[in-house]
Amino acid sequence: MLWIAILVLIIGLLTGYILSKIKKDEINNRSAYIARASVIAAIYALTTYIFKPISYGPIQVRVSEALTLLPLLESSAVPGLFTGCLLANILGGLGLWDICLGSLITLIAAYITGKMPGPILGAFPPIILNAFGVAYYLSKIYSVPYWMTALYIGFGELISVAGFGIPLFYLIQRTSLKDFFRRNK
């Protein structure tokens, strides 16, 4: 149980650090910022849960990972994706490993993605971090080979992030949805 307390402490410290890096001038209207983060969290959690049969396990295509490019458009997507993933992983039933580590990996990937110059390079952090990080604990939970799990998770992320996420990114850019996302630089 000590490792759980240490893991929760590390997640809390890392979350605080990453969220403190968001410039205060990016949050001109805190209510709108929180609302956008909440909408993103709700969409992520709901999409994951609707596609539950393919969203969890050592072989997965988490469709909601298409949203992981949103930090390129909106800084509130970072806490939104983290919160959505946290909720989805609580609902998923795989336990503390998935709740804590899976959500932390999403938080780190979202933060790094937000620093990327575009959607092609922005797709790399969620794909790579999930392929290697999520595969680690899923291989333990399911007692399956790590490298095979990393391959499956990486391929599922490639489908979600590159196959669905990049077109979604450009769709948002070309429609009135871009007004919802106002990234302040």
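The chain has 8 helices and 0 strands. The model is predicted. Work through the exercises with the structure open.

**Exercise 1. The overall fold**

Task: Describe the order of secondary structure elements, and state what share of the chain's residues count as buried.

Solution.
- Step 1. Read along the sequence. The pattern is α-α-α-α-α-α-α-α.
- Step 2. Turn to burial. The chain has 185 residues, and 49% of them count as buried.
- Step 3. Look at contacts between residues at least 6 apart in sequence. Of these, 71% join residues at least 24 apart.

**Exercise 2. The nonpolar core**

Task: Find which residues touch the most other members of the largest nonpolar core, and which elements give two or more residues to this core.

Solution.
- Step 1. Start with the members. The largest nonpolar core holds 32 residues, and L69 and L70 touch the most other members.
- Step 2. Place this core on the helices. Two or more residues come from each of α2 (30–50), α4, α5, α7 and α8.
- Step 3. Zoom in on L70. Leave out residues up to four places away in sequence, and L70 touches I40, A77, I172 and F181.
- Step 4. Recall the general rule. In soluble globular proteins, nonpolar side chains tend to be buried together.

**Exercise 3. The cavity**

Task: Count the cavities of 30 Å³ or more, then describe the lining of the largest cavity by residue, element and class.

Solution.
- Step 1. Count. There is 1 cavity of 30 Å³ or more.
- Step 2. Give the volume. The largest cavity encloses about 110 Å³ of space.
- Step 3. Name the residues. The lining has 19 residues, and those closest to the centre are Q60, R62, N130, V134 and Y137.
- Step 4. Assign elements. Helices α4 (77–92), α5 (96–114), α7 (124–142) and α8 (146–174) each give two or more residues to the lining. The largest share is 4 residues, from α7.
- Step 5. Sort by class. The lining has 8 nonpolar, 7 polar and 4 charged residues.

**Exercise 4. N89**

Task: Decide whether N89 is buried or exposed, and name the partner in its side-chain polar contact.

Solution.
- Step 1. Locate N89. This residue sits in helix α4.
- Step 2. Apply the cut-off. Buried means under 20% relative accessible area. N89 has 1% relative accessibility, so N89 counts as buried.
- Step 3. Find the partner. The side chains of N89 and R62 are joined by a polar contact of 3.0 Å.
- Step 4. List the contacts of N89, leaving aside neighbours within four places in sequence. They are Y56, R62, D98, I99, G102 and S103.

**Exercise 5. Three exposed residues**

Task: Locate I34, F155 and S143, and explain why each counts as exposed.

Solution.
- Step 1. Fix the cut-off. Exposed means over 50% relative accessible area.
- Step 2. Take I34, in helix α2. Its relative accessible area is 54%, so I34 is exposed. I34 and A77 are 43 residues apart in sequence, yet their C-alpha atoms are 9.8 Å apart in space.
- Step 3. Take F155, in helix α8. Its relative accessible area is 52%, so F155 is exposed. F155 and Q60 are 95 residues apart along the chain, with 8.7 Å between their C-alpha atoms.
- Step 4. Take S143, in the loop between α7 and α8. Its relative accessible area is 65%, so S143 is exposed.
- Step 5. Check the backbone of S143. Its phi is positive, about 55°, although S143 is not a glycine.

Definitions and conventions: Residues are numbered from 1 along each chain as its sequence is written. This is a predicted model: local features need pLDDT of at least 70, side-chain atom pairs count only at pLDDT 80 or more; totals for chains, interfaces and linings use all residues. Side-chain values use heavy atoms; hydrogens and water are left out. On a 1 Å grid over the protein atoms alone, a cavity is a set of points where a 1.4 Å probe fits but cannot get out, and a pocket is an open set with protein on both sides within 12 Å along at least five of seven lines; lining residues have an atom within 4 Å of a point. Grid points are joined across faces, edges and corners, and a volume is the space filled by probe spheres set on the points. Ala, Val, Leu, Ile, Met, Phe, Trp, Tyr, Cys and Pro count as nonpolar, Asp, Glu, Lys and Arg as charged, and the others, Gly among them, as polar. Buried means under 20% relative accessible area, exposed over 50%, partly exposed in between (1.4 Å probe, protein chains only). A polar contact is a pair of N or O atoms within 3.5 Å; within protein, one must be able to donate a hydrogen and the other to accept it, and residues adjacent in sequence count only if both atoms are side-chain atoms. Contact means heavy atoms within 4.5 Å. A nonpolar core is a set of buried Ala, Val, Leu, Ile, Met, Phe, Trp, Tyr and Cys residues joined through side-chain atoms within 4.5 Å.
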